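Got your viewer open? Load the model below, keep the selection tool handy, and we'll go stop by stop.

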Amino acid sequence: QVLSSNGAGALPTFQAVSSGLGGTFISSVTIDDDSTAEFTSGISSTYNMYMFVFENVDSDSANNIIHVRTSGNAGSTWNSGASDYGYAYIKYTSGVFAAQDDSAVSILTGINPTSDSGSQLGAYFYLINPSGSKRSIFTYQSSWSRTTSSGCCIGGGARNSTTPVDGVQFYGIVGNLKSGKISMYGVTKPS
């Protein structure tokens with residue numbers, strides 16, 4: 001709790017904090033050997049930005065790079081056409097690597113959880129402008145630790161359409177997401 005103002009002429013009181021991350025918690029997905037982690041409700045025009053927090057996400061196979069897709073119909077179908085997205089990222093693990101594509105089937109993140117029993121992955125993804133008249137964009141940062149190495153990645157991408165986004169799907173390209181949790185927060189529009 002934090003001491004908060006109750007307005008002019010009123011005494012302050014201790015009140016609960018909506019989130020220590022600067023947003024309002026909406027929902028979370030606990031991963032248990034799943035092919036995807038999907039958010040198909042809670043994304044609307046209420047917020048102009050959504051934050052997805054990855055906690056200790058792990059994979060069932062090596063080189064299972066996480067991809068992102070969006071939906072405009074609450075997950076009934078996922079946008080997966082050959083030129084639906086553009087992305088770019090830079091990552092460092094045992095050297096620097098960069099990738100970029102303006103016409104892709106998904107947003108390739110470069111984030112690489114592994115089946116290494118000592119691995120863990122943390123990341124922040126931001127979905128910006130999901131209901132606006134411009135393209136929805138993602139920006140993210142991540143870091144991971146394995147038994148014998150560590151790495152980090154920053155990047156971003158966009159849905160190559162102005163159609164509103166109301167669903168987000170995270171998935172591994174070559175295997176399942178084994179464990180961990182992804183939580184979604186709404187970030188309040190400025191007044």
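**Stop one: two rings to select**

Start by selecting Phe125 and Phe138: both are buried, where buried means under 20% relative accessible area, exposed means over 50% and partly exposed is in between, with a 1.4 Å probe and protein chains only. Before going on, a word on what you're looking at: this is a predicted model, in which local features need pLDDT of at least 70, side-chain atom pairs count only at pLDDT 80 or more, and totals for chains, interfaces and linings use all residues. Residues are numbered from 1 along each chain as its sequence is written, and side-chain values use heavy atoms, with hydrogens and water left out.

Now show Tyr140 too. Phe125 stacks with Tyr140, at 4.8 Å centre to centre and 20 degrees between the planes. Here rings of Phe, Tyr and Trp (its six-membered ring) pair if their centres lie within 6.5 Å; planes under 30 degrees apart count as stacked, over 60 as edge-to-face and the rest as tilted. Colour by strand and you'll find Phe125 in β10 and Tyr140 in β11, 15 residues apart. Tyr140 is buried, just as Phe125 is.

**Stop two: widen the selection**

Which residues do ring pairs link into a cluster? Add Phe39, Phe52, Phe54 and Phe170 to the three you already have, Phe125, Phe138 and Tyr140, and you've got it.

For a charge rather than another ring, jump to Arg69. Its charged end sits over the ring of Tyr171, 4.1 Å from the centre; the rule asks for NZ of Lys or CZ of Arg within 6 Å of the ring centre and within 35 degrees of the ring normal.

**Stop three: Lys181**

Next, pick Lys181, in strand β14 (residues 177-188). Is Lys181 buried, partly exposed or exposed? Its relative accessibility is 32%, so Lys181 counts as partly exposed. Beyond its neighbours within four places in sequence, Lys181 is in contact (heavy atoms within 4.5 Å) with residues including Ser28, Ile31, Phe54 and Glu55. Try a C-alpha distance to Phe52 as well: 10.0 Å in space, against 129 residues in sequence.

**Last stop: zoom out**

Switch to cartoon. The chain has 14 strands and zero helices; these are DSSP runs, helices being H or I of at least four residues and strands E of at least two, numbered from the N terminus. Of its 191 residues, 43% count as buried. Among contacts between residues at least 6 apart in sequence, 69% join residues at least 24 apart.
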